[in-house]
There are 4 protein chains.
Amino acid sequence: MSLLDLAGIFPPIPTPFDQDGEVSSSALRQNLEFLNGYDLRGYVVLGSNGEFVFLDREEKVKTVEIVRDLLPSERLLIAGTGCESTRSTVRLTREAAKAGADAALVINPHYYKNRMDRASLIRHYTTVADESPIPVILYNMPASTGLELDGPTVVELAGHANIIGMKDSGGNLSKMAQILGAIHGDFQMLAGSAGFLLPALSLGAVGGVAALANIAPGLCVELHGAFLKGELQQATDLQVRIVGLNSLVTREGGVPALKASMDLLGLAGGEPRPPLLPADALLRKRLKQALLELSLLDSR
Amino acid sequence: MSLLDLAGIFPPIPTPFDQDGEVSSSALRQNLEFLNGYDLRGYVVLGSNGEFVFLDREEKVKTVEIVRDLLPSERLLIAGTGCESTRSTVRLTREAAKAGADAALVINPHYYKNRMDRASLIRHYTTVADESPIPVILYNMPASTGLELDGPTVVELAGHANIIGMKDSGGNLSKMAQILGAIHGDFQMLAGSAGFLLPALSLGAVGGVAALANIAPGLCVELHGAFLKGELQQATDLQVRIVGLNSLVTREGGVPALKASMDLLGLAGGEPRPPLLPADALLRKRLKQALLELSLLDSR
Amino acid sequence: MSLLDLAGIFPPIPTPFDQDGEVSSSALRQNLEFLNGYDLRGYVVLGSNGEFVFLDREEKVKTVEIVRDLLPSERLLIAGTGCESTRSTVRLTREAAKAGADAALVINPHYYKNRMDRASLIRHYTTVADESPIPVILYNMPASTGLELDGPTVVELAGHANIIGMKDSGGNLSKMAQILGAIHGDFQMLAGSAGFLLPALSLGAVGGVAALANIAPGLCVELHGAFLKGELQQATDLQVRIVGLNSLVTREGGVPALKASMDLLGLAGGEPRPPLLPADALLRKRLKQALLELSLLDSR
Amino acid sequence: MSLLDLAGIFPPIPTPFDQDGEVSSSALRQNLEFLNGYDLRGYVVLGSNGEFVFLDREEKVKTVEIVRDLLPSERLLIAGTGCESTRSTVRLTREAAKAGADAALVINPHYYKNRMDRASLIRHYTTVADESPIPVILYNMPASTGLELDGPTVVELAGHANIIGMKDSGGNLSKMAQILGAIHGDFQMLAGSAGFLLPALSLGAVGGVAALANIAPGLCVELHGAFLKGELQQATDLQVRIVGLNSLVTREGGVPALKASMDLLGLAGGEPRPPLLPADALLRKRLKQALLELSLLDSR
């Protein structure tokens, strides 16, 4: 079996809702038509930017199916399938695979933080990877989980034949370096944010899953390309240019800001599900300004 | 409409699983028969100790129904119904009410921590309380959620006619004092752990939801009673005696330790769902020792 | 040697500075004359409210001497003498003792947080207590140190003949209960804030070191007295009444707010040393309002 | 006035103590003779690795003088001069300048964490930079201070003519990118650890202050050189190779581990001042292994 090649940029696509608050397949289509025009490696659905915690199981499976149908043949579809329990994670992973996902992005359980020691996490991920018909990608997202998948746990899990990589949204580059230095063989690291895409690439990461790639796919692809071509100064310039907007649609403003940015660009953003509140006027103004500065929005 | 009186002790009952990993109604029956022998105010199902994050919606509703059927008539049944999305919380709350819950214990959404500002939480809880056919109890559990429901938010929510109280597991007694000092009218505070039951009572809390009450219901009831009778020295003695075992079944060992303690007492504990690991031998030994010291276990 | 009796209320007195930014003995005198009129157990100098981190060694010793001279004979003088290094702590403790301190309040070293494990802290405190001519009181202040003196460490240290108690400003009442339940013999716990004074007393604490006692000594003494007399309802009422102002002069506003409150009361507060900024107009307004509500300030 | 050029690698040198626990000038000489053999930009004294919090003012000044005397003419001497109060920081900075320091590394005050808002920090650093006869370098060290110098604060301070750069030990590369993207003009960023040296360089940092450079100066210089020459793969390889040992002498083992490593290499490490405990046998064994793997120690 050849390894699924994750090298490249993946937007973690937001889940758009219609007037009734239901998942909108037409809005998904609109956004994918935009993204399909860029040289992306594929898409992540049901990630943090996809409001996966607000979707029930049926909605999750349906979302995978919709995006699968809209996917250019050479692109990868990665689906977030992590749940708090191991059995729910296994079930959803199987269903996502059946619905067309190429790989599963599995966030670590975290409600019982104090109990999620190495042994628990190793058992959880090993069971999921054993049972999954598709490759598994670890997902570290401490800003939401309050937990950091530690280096030795990741290194041990990397030895599993069906665990092929990691999306690291933590931003601890020392840890990333330790993992990449300790793993011999194929384990593909993906930066979990455009905020540290270049630093991650400099350590050997193969790409990134970046919220920013939903609204600035061209700049993300360009940065990655510049790095691959050894044009480091250009990559550096792009990195420090995009980080302000990136911060607005991640740490500072989150999903509501990302969706508002999409609206500003004529894409289908819309409102997040409650309890998330839509971006307020001040945030929208800052987003518009940042989009203008990056020439993503036309100032006319 | 008269206020639901929450004064007293509530064990947040664990969810026992059978050999196939399914919710066991017979094990629930066994545990309730034990608890029914003590002067408790009622039971909480689907709380953190009930592994609610591992149960799907159907299992949750079924658990409410099972416990409802086993409940002495004068006791209250409180069901944990909080989900990440407002709409799921509303739906589950309605279903729990239909299944027989007297009140809903609603943990705050927390995956999008940085977005859960006061306005978001106020909207969430207000919608839930508006839509709920049964009274709502706020649930603050920062050890799991990584968020602290702040004082002013609670005080504002306390003004809603259908929000009748709060289970505070955070243990910030200054905050609890501020809330109780700021609220005029009926708002019933419940200590979320036996670890600070007496301190909470000293501030005006009306009782507690305590994991420890599953294995030491008598001591918890006795402490509460001593406080009510003004026998403060006895209450103090009980408080400092129980806190060691309490720590083992909460912060130090969590649900696995609570279930292991129940096994040691001849109740139906059993294993938690993965990824939670069962208590190891060392922890079981410490639990046994602590149960012996409190004469909950016979040393013969 | 009879045990130094710490039962009662201690204001941790702020260090007032004159126009040139030097420690002002006349301002200290003015404040002590006010405090001497209340039934306090004594004073703490060089605590967090005394801006001890801004004072050099000579200033610290001088401050002890000044307050010693103003102290009624039956009152205790406790001096904060904790430094990052063990040897500096020993030296300052000896100097404070020579200058007239009755006991030393020793905050744990904390700059090298990750290294301050139990063994390091045990060695540190044991050396200090061995070398100190006066009794040592442990000082837990996690809001500033980022470290929590854990229960087993405290319990072990309590076995040292020259470690007589603890000021716990952490507010973790479960931990306080565990310590008080585990220690057999004389170890005197002091609440480190008026925010949880009654909860701490309910567990067996003997009193408190409370910033609030600088501006509301009467209320603090009254609360303590009500508790001792078994008038629990009165104590509860006082506790929930004072906690708002207490929060303003501790967590919310800190030393600048405490000093501003003293100015409002006609005492000698003045400005803190930079980098601390004086309380701004909005905070002063809130302080005035809170002082009025507690009738500490006359509304005429 | 031409800008002090910080481009390059700086070891933050440990302070060695003699048998009596006093600063040892002979040990400093031994270590500097070793370091002088590598192409380093200069040295940092009185940093976190220099145990600055354990040294009194006289010892600090003396240490600057000793190292000044041992310094090759073209190298820079940077002295840590941050204290909790603004006035102490100003005084020590002046004294360090007089003793021969070329620049001052100023950690932010942090005891009163909740008060250290932007306005306080701006005033503090502005006063220090105004009064300092030598250029000031900001020092962000959240692992010890519990505070993170935020991006906008740094950007504002970078506008001061006498604030020439920053040592960032926080490892938040997104923030570093934001700062470097926002500042126009000369502001020199230094990675505060070898753990993310290459990621920082990739963003435009000019070098690093790295504990590891005390024991592996050659590798650190080589990594920096490879980056400058555009040999990115070699830089990546070096980065992931050194990060394990780096972790041992920073986050995992700290100053005691760094000193123990120096002992293993035949340099003058010795014991840290209490309360820091010397590295234990297990840690020494891991250090030896890591030194062997990097061929810093001869396996014969």
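How many residues of chain A are in contact with chain D? The answer is 24, and they meet 24 residues of chain D, where contact means heavy atoms within 4.5 Å. The model is a predicted one, in which local features need pLDDT of at least 70 and side-chain atom pairs count only at pLDDT 80 or more, while totals for chains, interfaces and linings use all residues. Residues are numbered from 1 along each chain as its sequence is written, chains are lettered from A and ligands numbered from 1 in the order in which they are written, and side-chain values use heavy atoms, with hydrogens and water left out.

It helps to begin with a single chain. Chain A holds 12 helices and eight strands; helices (H or I, at least four residues) and strands (E, at least two) are DSSP runs, numbered from the N terminus. The radius of gyration of chain A is 18 Å, close to the 19 Å that the globule rule gives for 300 residues, so chain A is as compact as a globular protein of that length. Here the radius is taken over C-alpha atoms, and the globule rule is 2.2 Å times the number of residues to the power 0.38. Along its principal axes, the C-alpha trace of chain A spans about 55 × 45 × 40 Å.

Next comes the interface of chain A and chain D. About 1700 Å² is buried between these two chains, with carbon and sulfur atoms giving 67% of that area; buried area is the accessible area (1.4 Å probe) that two parts lose on being put together, summed over both. Gln178(A), Ser202(A) and Val240(A) supply 28% of the area that chain A buries against chain D, more than any other three residues. The rule finds zero salt bridges across this interface, a salt bridge being a side-chain nitrogen of Lys or Arg within 4 Å of a carboxyl oxygen of Asp or Glu. It does find four residue pairs in polar contact, both residues at pLDDT 80 or more. A polar contact is a pair of N or O atoms within 3.5 Å; within protein, one must be able to donate a hydrogen and the other to accept it, and residues adjacent in sequence count only if both atoms are side-chain atoms.

On the side of chain A that touches chain D, the elements giving two or more residues are helix H7 (173–182), helix H8 (197–203) and helix H10 (232–252) of chain A. The largest share, nine residues, comes from H10(A). By class, this side divides into 11 nonpolar, 11 polar and two charged residues, where Ala, Val, Leu, Ile, Met, Phe, Trp, Tyr, Cys and Pro count as nonpolar, Asp, Glu, Lys and Arg as charged, and the others, Gly among them, as polar.

Symmetry completes the picture of this pair. A turn of 180° and a shift of 0.0 Å along the axis lay chain A on chain D with an RMSD of 0.0 Å, copies being superposed by least squares on the C-alpha atoms of residues with pLDDT of at least 70 in both. The two copies are thus related as by a two-fold rotation axis. In chain A, the C-alpha nearest the axis belongs to Pro199(A), 2.0 Å from it. The same surface serves both copies, as 100% of the contact residues of chain A recur in chain D.

The interface of chain B and chain A can be described in the same terms. Here 45 residues of chain B are in contact with 45 residues of chain A, and the area buried is about 3500 Å², of which carbon and sulfur atoms give 53%. In chain B, Tyr111(B), Tyr112(B) and Pro275(B) lose the most area to chain A, together 22% of what that side buries. Six salt bridges cross this interface, and 26 residue pairs are in polar contact. H4(B) gives the most to the side of chain B that touches chain A, with four residues, and by class that side has 18 nonpolar, 12 polar and 15 charged residues.

Arg87(B) offers a closer look at the salt bridges. Its side chain meets that of Glu59(A) at 3.3 Å, N to O, and Arg87(B) also forms a salt bridge with Glu22(A), the closest N and O atoms being 3.2 Å apart. The latter pair runs from the loop between strand S1 (8–10) and helix H1 (25–35) of chain A to helix H3 of chain B.
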